[in-house]
Structure formats: structure tokens, C-alpha cells
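Visitor: Could you walk me through this structure and explain the words used for it as we go?
Guide: Gladly; here it is.

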Amino acid sequence: MTRASLFTKTLVLIVVLFAIIATATSILSGWNLYRNLTQEYQSKGVAIAKSIADSSVEILLNADVSTIQSVVDQFTEIEGVSYVIVFDGQGEPVSHTFVPAVPGDVLELQRQTRTHIFNGGSLTNNLRVEGMGDFLDISFPILAGVAGYVHVGMDKSLIRSRIWSAVATQQGLMFAIFLLSVLVAYALVNRISQPLKQLAAHAGKLATQDFSEPVTGPSDIDGLPKKSRDEVGELAESFITMEHALRQSVRELKETTAAKERIESELKIAREIQMSMVPKLFPPFPLRPEFDLYATLVPAREVGGDFYDFFFIDDNRLCFAIGDVSGKGVPASLFMAVTTTLFRTTAVRVSRPDEILFLLNRELCRGNESCMFVTVFCAILDIRTGEVEYSNGGHNLPYFVSHAETRPLRNTGGMALGFTEDVTYRSEKIMLRAGDGLFLYTDGVTEAMDEGENQFSEPRLEEFLQQANGSSATEIIRGAVDQVRRHSAGAPQSDDITILALKFLLSAAQS
Amino acid sequence: MSDDRIRPIIFLILLLFLPERLLAEDIVIGMSAAFSGPSKGLGIELYRGSTAYLEHVNRTGGIHGQKIIIKAYDDGYNPIPAIRNTIKLIEQDNAFLLFNYVGTPTVTRILPLLKSYKEKFVYLFSPFTGAESLRQPPYGEFVFNLRASYRDETQGLVDHFVSTGRSRIAVFYQADAYGRSGWDGVKKALAKFGLKMVGEATYRRGAEYHQSFKEQVDIIRKVSPDVIISIGAYAGCAAFIRDARDAGMQIPIANVSFAGSYPMAELLLQSSRTTGHDYNKDLVNSQVVPSPQDTALPAVREYRQLMDKYQPLPPRELTDVGYAPLAESYVGFEGFLNAKLLVEVLKRMGPGLTKSRIKGIVESIKSADLGIDAPVTFGPHKHQGLDRVYYTTMKGDRFVPLSDWRGWEK
């Protein structure tokens, strides 16, 4: 395609140029030739007429016309001379070469020019003779017209045929040059377009090529930079360089992708493990109508450092907690796994939140080389009374949501776990009535940002919780997640979102 | 080197010189004429007529023991070959004199050659043309004519026709020096009566009999002439006569001697046979020699006898296929008389031929008798031996002397 169009363009250009040159030169040389030949024929005719006139003086005076005829006949053998006619002093033709008769036009011309004063000697007229053609009639006086006149007719058609043959020869030459140019152009275009075509074909192949595969054998454009040491060669060289770079980066990309895929698959497994570590079966205790509990954990990455947990530590007491490990990803999730495992075992041993946190902190501090920490809010609900005893280790204070109010719990003032062993925690108590609830969350909720980096913030959460008063735990959590999602409106989730909602429905004592 | 070895070499050298010495004994006469083309009949018959007599002379002892050989070349009735042939005859063949040339356009062109070979004393004898330039300065002195001129012929024709009351004379002529010569003769003859030719038409030399001449016939018919005088070669003239008769022009048409009456009559007879029209009717031919059938004349008898005896052929190398030689003809008889004059001149020179003496000897010929009842006289200012013109017409397929012109009276 490339070659064809390049060649066609070049060819058209050459043809147009050729046509212009051919026409111009034809016209010019034809015109030149016509002028020169006419001039030449005229001077030839003048020379002949003069020579006949000069040699005829004596003969005419001797009245020997057959000798004049003989002289006249000789001149008709000269190329271009069509006729010669000699008139005597009375204007009567005495010798001529016409067959079968002297045309009236010639006699008429003699009658007209007889009175003409011959200035330089000769007189040239264009004469058209019916049935004979066009002539250049050159007349010359013999003895100043006293002895007579000579008319020599030069054939104009000969001039025309000469011009045509000259133009034809010239055009033949031009055509030969033209053919040669086309051939040369063809070769040239081929030489230029062949590498381009190769490049184009190669580029076409690149699209379908598997860059991850190793190169098999030399490429078809490898020789090009050496073969054509011009722009095409340079292009080929950059092409080759580009291809190499492309292969390199594709290879790297593939390796990276493979590594990432491996990690991702590992993370996926890790997430599955992590998710399996938090209870996910809801409602968790269908035989316990006293409360309604729902929780969710939406990790920012595949695995997160948030957790929640709840379990009965005896028949009437439900222990529940929420936590947030510093950092994210695999290290956070590992620390979270450690924390939840330790939390369960600790909570079973001691049944007070402050003690649980104290022990948990001590365990976590041991061998915490990477200096990770975790905030934990831990609470124990007595389902018979609705009394909740809680202790906070540096975590966001949960909200108490009742018919009348929505407020954060009173702080117990403990710090996050994992820093130092000798930290003691205090606990507080709060009484839940039927319909009251607790809303536990991690900072992933309040610090969720929209595209303008505006956080969801506590006031918005409080507003939501007030409005959602009366809803079930599941509805509240779903609503909260929905609100947060709506707030961030497509912005990537920056932190794990973990919520646990508990709604106390009735207590045996109260009822 | 021994004598035995030298002897054969000397012999060989002598042998090389031998043919030249043998040739030197012949008198080489140069001739350039039409042996091909439409006018070949003229060259061939002229040659045959001369050969008949020369053969007779050569067989009866030659000229002082020397044989006369005609070295003939063909010019096809064209000037350029005629010039070339002439140079060849003078330079190469060392011809003693030039003889029996045919045609005005050819001969008028070789005339300057004669002048330029003045030191070599090259003379042209008895050319077959009646043009004035051969009889006038500046070249007349190099030519010895036997025959009367075209001016003599045309004047006679005009005089006779005008006397019959036919004064509207048109001329049909060959577009060259010959035609112009006849045309001029007619013009001058008419001028004496205060007349002008009423029309004229030309044709190109070399025209063949099969060509059409309707154009020329139309031009002449338009001026409604009483007589047409035709100055041409036999093929063209015969074709013109044919077309004129076919066009319904039944006026007298006269031809001059050059037309070659016999070959012309032959062509017209052939056409008469195919069309049934008598093309030979109302034709007049002027002749410069008596009729070859007029056996009252001794030369005619001798001509017929020698032609019969030797049956001369055209020159061997110039034999044109398809030409049937004539038993007798005006042209042939003229050639015969030309040869008689040549022999007379050579005889008068005596043994030891020298070119420089030719002029003096010819000019001294007074009232020589060639056997045609007309004396031949030359002089320093008279290079034309005869001036009598004979008029003939055709009766059937025969030429008869025309003595009574009253048949065409108007």
C-alpha cells in the first residue's frame, strides 16, 4: 500500500511535469522551427529567384526559352521548391514548371505585384493555390523588371511536415527520457519504500506479538539501519530500540504482576483467615432474645488491622470488643490475629474488662519487636440486668444510643495496648434499658474522607445515630456503612471500617 | 635472377597490355539515351538503326581498318544520369565523340560539359532533339545536328494549319526544356501571323501510357481550339490523344518528330483494338527524315535491307524485357542516317583519328548525299545538316505522307 501510493504520487508528478515540459518545448521548438524554416525557405527562395533572374537576362534577351526552362527545371530538384515561373517583360509566362497548367492565382499574383516597386530586390507573398497547397511565393525582377520576373514557390507543407517530424523526434526523445525517469523513480521509490514497507509490516506484527515470549531469531528489520543510512535507517534503529525497551518493560511488568498476583492470592487467603477469626454468623445467638447484635468489618485493603469479637463468657454475660491495630495490611492483620486470639483466651480467664485489657496488654507487649499497638474497647453485658461494664484501651469511645439521647460513653482513660507492660486500666459501668444500644466503631468510620478530604466526622455520625434511633442493629450498621460510602462518594477507602452495634431488648430483671 | 624466371613475368606483363592495344584499334562512339522507361523506344530504335549501318561498315573493312563500336549507357530520359553517363564516356571510355543522345532535357544539361571539356575536343553528333539551344551560342559550336529543329517543325505545322483556316491553336507539352522548346516554336510561328496560342497544358516527363490525361484534356477543351500541337514523348502524347478522343475532341492533333510516330501509333492501335475507336484518325506527325517506307529513296532501301540482314538488337546489357523491336521506324531511320553521317565524317578524317580535327572536317561538308534526296551541308555557323520537315498522317495502321491539308480546312 505504502509503496503503491508513494509510487503513484511520484508517477503522477512525473507525468504532469512531463506533460508540461513536453507541451512547452513542443510549442517553443515548433514555433522556433517555423520561424527559422520560413526564414530559411524564404532566403533559399530568394537565392534561387535571384540566381534564375541573373542567369536569365541574356537568355531572355536571346529569346531562348528552352534554356530558361532547362535552368528552371534544375531548381525544382532542390528540396522545398514547388514551382518556378518566369515571366517576360510583358508579363507573359515564358517558362514554368506547372503541370497541367499555370494556376490563375499565380498569374493574378504576378499581375498584382508587377507594379510593385521591388525595394530590396525580392518580394515575398503567402500564396494559397486551390488544389495545390500553401506556398511562399518569392518574386524577383529580371533586369529591374524590364526583362521579366521570376517567381519561386516554396512549399509550406514541407515546413509543416518538418516541424511535425522535428516535434515528433523531440517528443520521442522526451518520451524515452520520461520512461527512463519513471524507471529510475520506480527503483528509487522502491528503495525508499521497501524498508518503510518492512517497517510498517513489522509494526503491524508488533500489535499481535507476544512480548513476553523470548525473541526467536533475528527480526526482519535488524539489517535496515545498516542497509539504509538515512532517515529510514534512523527510524528503523529507533524502532528496534523501542521494541527492546518494550520487551524489557513487558518482561518486568509480567514479573511484577506475577509477584503481585502471588501476594494478592496470599492476601486473599489471609483475609479469609482474618474474616474467619471474627464471628460472622448473624444473628449470633438466636436463642437469646434479650439483645440484638450485628457487626461488620470492611477492610481497606485485602486484610486489615481492625477486629471485633463477642462471646458469652458464662450463661448470662456477653463479652464484646472492638479494636484497631496501628497500620494496615499484613502486619496489622497478623497483630490483629494475635490480639483476638489472646483476647479470647484472656477474656475466658478473667471476667472483668479492665483486667482483660491489662492482661492482654502484658501479653502483647512481650515480644512486640515491631512496636505495634492496638486500641481495644472491651465490654461485658449482663443480659439479665442490662448492665454493661466496659474498659477502653485508647479506642474511639462508642456511642450510647437511647430513645432520649445519643452520646459517647464516659472515658475510662486507658491507653492503647502494646506500648508498655505496666499499664493498668479502669472500668466503668452503664445500665442499658430495653431499646438502648451501643454503637462501637473504628476510626475508619469517622475519618472516611470524600474527594475534598473532608472527614465523615463524629457530628455526622451522631446525627445519623439519632435519626436511626429505633432501628435494628443490622439496619443501623447497614445505614452507617451506606452513609460513609455516600460521603466518600467513590473516593478510595482509606481505612478499615468496623462497626459493632448492640441493642438491648429486654432484661429479665426489668421485665 | 635467371632468364628462365624472368621470361614468364615479361610475358605476363605483355599480356596485360594486350587487350588495351586491341581496344585501341576500335573507334569508341559514346551514346547516352533512354533504354528504359516510357521513352525507351526512342533510344533502342535509334541505336538499332545506327547499328545496322555500323555493322555493315565494320563487316566491310571498317574505317581504315578500325571498327566502330557504340558504347551505350541508359539515362532513362533523365538529365542527371545523362550527365553522369557523359562524364563516364569522356573520362573512362575515352569516347572519340558523343553520338545519338536522346532528348532535350537531357542534352541541354550536358551542353555545359562539352564546353568544359573544350580542350578534349568533345563533340556531340546528331542528338535526337530539335531544341534551339543546341543550335545557338554558347553551346551550338560543340554540337553537329543532322535533323531539322523543333522550330522548323512547329513553324511548318503552324503555317499549314493557319493556311487551312485553323488558327485557334492550343499546345500540349512536356513540362521541361523540350516541351518549352516546341511551345516557343509554336508561339513564335503564331506571332508571325499576329496570333497567340489559345490555351496550353503540360504534363510531367516520364508519364506512362496508362496514366490519365483528362485534366489536361479538360483544360484545353475549355478554350475550344481548332488544332492541338503536342510536344511530348510518345507515351504521354498517345495517352493525351486517347483521352482527348474519348472526351469527344475530334480536331487535328499534331506531334513533332520526337514523339516517335511508330511507337506512338503502336500504343494507339492497341487501344483502338480494345475500344473500337480509331485513335489514329486526324493525327499529324511532323518528321525530320523521310518515311522509312519511301523505298524510292536509296537510303530507305539500304536501311530496310541492312535492318533485315543484321536484325540489330538493343545493347545487350541494356536490353529491357518486354520490348518488341520494330522492323522499321522514323527513329530507326534517323539513327541509320546519323550513322551514315558519322561514317562520312570518320572517312573524311583519313587514317589517324584526332579529335581536334573533327570540327574542321564536319564544317567542310557541303552537299553531302546520304541517299535521301536532300543535301547535307555544314559550315562554321551552320551546325544543322538538314532542315527539311516531312508531314505524315495515319491511314489505318500505316503512315502516309501528308501532302494535302485541305481535309482539315475550316
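What follows is a conversation about the terms used for this model and the values behind them.

Visitor: How do you know what can be relied on here, and how are things numbered?
Guide: This is a predicted model, in which local features need pLDDT of at least 70, side-chain atom pairs count only at pLDDT 80 or more, and totals for chains, interfaces and linings use all residues. Residues are numbered from 1 along each chain as its sequence is written, chains are lettered from A and ligands numbered from 1 in the order in which they are written, and side-chain values use heavy atoms, with hydrogens and water left out.

Visitor: What makes a stretch count as a helix or a strand, and how many does each chain have?
Guide: Both are DSSP runs numbered from the N terminus: H or I over at least four residues for a helix, E over at least two for a strand. Chain A comes to eleven helices and 15 strands, while chain B has twelve helices and 14 strands.

Visitor: Why is Ala82(B) called buried?
Guide: Buried means under 20% relative accessible area, exposed over 50%, and partly exposed in between, using a 1.4 Å probe and protein chains only. Ala82(B) has a relative accessibility of 0%, so it counts as buried. Buried residues make up 60% of the 410 residues in chain B, and 47% of the 511 residues of chain A.

Visitor: What does Ala82(B) touch?
Guide: Contact means heavy atoms within 4.5 Å. Leaving aside neighbours within four places in sequence, Ala82(B), a residue of helix H3 of chain B, is in contact with Ser32(B), Asp75(B), Thr106(B) and Ile110(B). The C-alpha atoms of Ala82(B) and Met31(B) are separated by 9.5 Å, although the two are 51 residues apart along the chain. For chain B as a whole, 74% of the contacts with a separation of 6 or more are between residues 24 or more positions apart; in chain A that share is 68%.

Visitor: Why is H3(B) called oblique to H4(B)?
Guide: Two packed helices are described by the angle between their axes and the distance between the axes. Axes are lines fitted to C-alpha atoms, for helices over the stretch in contact, and angles run from 0 to 180 degrees between N-to-C directions. Under 35 degrees counts as roughly parallel, over 145 as roughly antiparallel, 65 to 115 as roughly perpendicular and the rest as oblique. Helix H3 (residues 79-92) and helix H4 (residues 104-116) of chain B pack at about 40°, with their axes 8 Å apart. That angle makes H3(B) oblique to H4(B).

Visitor: Which residues of H3(B) and H4(B) meet?
Guide: From H3(B) come Pro79(B), Ile80(B), Ala82(B), Ile83(B), Thr86(B) and Ile87(B), and from H4(B) Pro105(B), Thr106(B), Arg109(B), Ile110(B) and Leu113(B). By class, the residues of this contact divide into eight nonpolar, two polar and one charged. Here Ala, Val, Leu, Ile, Met, Phe, Trp, Tyr, Cys and Pro count as nonpolar, Asp, Glu, Lys and Arg as charged, and the others, Gly among them, as polar.

Visitor: What makes H5(B) oblique to H6(B)?
Guide: The axes of helix H5 (residues 150-163) and helix H6 (residues 177-192) of chain B come within 8 Å and cross at roughly 45°. This value makes H5(B) oblique to H6(B). The contact of H5(B) with H6(B) has six nonpolar, five polar and four charged residues.

Visitor: How do you know that Arg242(B) is buried, and what lies by its side chain?
Guide: Its relative accessibility is 11%, so Arg242(B) counts as buried. Arg242(B) lies in helix H8 (residues 234-246) of chain B. A polar atom of the Arg242(B) side chain lies 2.6 Å from the backbone oxygen of Tyr209(B). Among the residues touched by Arg242(B), not counting those up to four places away in sequence, are His210(B), Leu268(B) and Tyr279(B).

Visitor: Why is Tyr77(B) called buried, and what is its phi?
Guide: With a relative accessible area of 2%, Tyr77(B) is buried. Its phi is positive, about 65°, although Tyr77(B) is not a glycine. Tyr77(B) is in the loop between strand S2 (68-74) and H3 of chain B.

Visitor: Where is the cis peptide bond of chain A, and what is its omega?
Guide: The peptide bond from Val99(A) to Pro100(A) is cis, with omega near 0°. Pro100(A) lies in the loop between strand S2 (93-96) and helix H3 (104-114) of chain A.

Definitions and conventions
Polar contact = N/O pair within 3.5 Å; in protein donor to acceptor, adjacent residues only side chain to side chain.
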